[in-house]
Amino acid sequence: MAIIQFPQNFKWGSATAAYQIEGAAEVDGRGPSIWDTFSKTPGKIRNGDNGDVACDSYHRYKEDVALIKELGCDVYRFSVSWPRIFPNGTGEVNKKGLDYYHRLVDELIKNDIEPMCTLYHWDLPQALQDKGGWENRETIQAFADYAELMFKEFDGKITKWITINEPWCASFLSNYFGLHAPGNQDLQLAVTISHHLL
């Protein structure tokens, strides 16, 4: 039987998504996302569950980082809640939202855990969805502005970035099969959104 050995420089990590763990849906200026809307639409989510509280990582991030360290992880991949940074998708920056991510990243670094950040893990600000979402090309510019802000804000702290988590899910599961937010069922819409995401 062959013995499999990982390279000395192999990094072990864990990963989460903002909507799935943060909670604090209406705390410190966060705006609603398409998942807030979708999860509260009758019949869309089993038991009507939602991310209003979730794991409450927004308030318990230090405990979460301690657990990640206890697991022996070298890297933590988390996502940023776009509507926590830009409650309206664009325009005024929510400083309290940025401060939360600074606290999280600083806690990771303090514990020798490398932060890896995903900018979009499916929680589009509802304000942008109300203007057509990813079908509207203006959302591409809004995303670019959001990304630029994050890159500048965390320069020197975060060196590994992921732009969009699983574009197929954000396009087809969300806009053709209707299984994810915003729950559309339109093939052409899904194809157009795929193009815009890429």
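Is A54 buried, exposed or partly exposed? Here are a few notes to help you find your way around this predicted model, starting with that residue.

1. **A54 and its backbone.** A54 is partly exposed, as its relative accessible area is 34%. You will find A54 in the loop between α2 (34–39) and α3 (57–71). Its phi is worth a look: the angle is near 50 degrees, a positive value in a residue other than glycine. For background, most residues other than glycine have a negative phi.

2. **D112, another positive phi.** D112 sits in the loop that runs between α5 (95–110) and β3 (114–120). The phi of D112 is near 60 degrees, again a positive value outside glycine. With a relative accessible area of 66%, D112 is exposed.

3. **A cis peptide bond.** Please also look at the bond between A181 and P182, which is cis, with omega at about 10 degrees. P182 belongs to the loop between α8 and α9 (187–197). In general, most peptide bonds are trans.

4. **Cavities.** How many cavities of 30 Å³ or more does a search of the whole structure find? The search finds three. The largest cavity holds about 50 Å³ of space. Its lining consists of A18, Y19, E22, G23, A25, R30, G51, S81, R84 and D123. Sorted by class, that lining has four charged, three polar and three nonpolar residues.

5. **S81, one of the lining residues.** S81 helps line the largest cavity and lies in the loop between β2 (75–79) and α4 (82–85). S81 is buried, because its relative accessible area is 1%. Its side chain makes a polar contact of 3.4 Å with the side chain of R30, and R30 is also part of the cavity lining. Setting aside neighbours within four places in sequence, S81 is in contact with A18, E22, R30, Y101 and D123.

6. **I85 in helix α4.** I85 is located in helix α4, and its relative accessibility of 0% means that it counts as buried. Beyond residues up to four places away in sequence, I85 touches V80, E92, V93, N94, G97, L98, Y101, Y146, L149 and M150. I85 and K96 are eleven residues apart in sequence, while their C-alpha atoms are 8.1 Å apart in space.

7. **N165 and its polar contacts.** Where is N165 placed? N165 is in the loop between β4 (160–164) and α8 (167–175). Its relative accessibility is 14%, so N165 counts as buried. The side chain of N165 makes a polar contact with the side chain of H121 at 3.1 Å. A polar contact of 3.1 Å also joins the side chains of N165 and E166. Not counting residues up to four places away in sequence, N165 touches R77, T118, Y120, H121 and W122.

8. **Cysteines without disulfides.** A disulfide is a covalent bond between the sulfur atoms of two cysteines. The structure holds zero disulfides. Why is C117 not bonded to C73? The closest cysteine sulfur to that of C117 is in C73, and C117 forms no bond with it because the distance of 17 Å is too far. The sulfur of C169 has its closest cysteine sulfur in C117, 19 Å away, and this too is too far for a bond. Both cysteines are out of the way of the surface probe: C117 is buried at a relative accessible area of 0%, and C169 is buried at 9%.

Definitions and conventions
Residues are numbered from 1 along each chain as its sequence is written. This is a predicted model: local features need pLDDT of at least 70, side-chain atom pairs count only at pLDDT 80 or more; totals for chains, interfaces and linings use all residues. Side-chain values use heavy atoms; hydrogens and water are left out. On a 1 Å grid over the protein atoms alone, a cavity is a set of points where a 1.4 Å probe fits but cannot get out, and a pocket is an open set with protein on both sides within 12 Å along at least five of seven lines; lining residues have an atom within 4 Å of a point. Grid points are joined across faces, edges and corners, and a volume is the space filled by probe spheres set on the points. Ala, Val, Leu, Ile, Met, Phe, Trp, Tyr, Cys and Pro count as nonpolar, Asp, Glu, Lys and Arg as charged, and the others, Gly among them, as polar. Helices (H or I, at least four residues) and strands (E, at least two) are DSSP runs, numbered from the N terminus. Buried means under 20% relative accessible area, exposed over 50%, partly exposed in between (1.4 Å probe, protein chains only). A polar contact is a pair of N or O atoms within 3.5 Å; within protein, one must be able to donate a hydrogen and the other to accept it, and residues adjacent in sequence count only if both atoms are side-chain atoms. Contact means heavy atoms within 4.5 Å. A disulfide is a pair of cysteine sulfur atoms within 2.5 Å.
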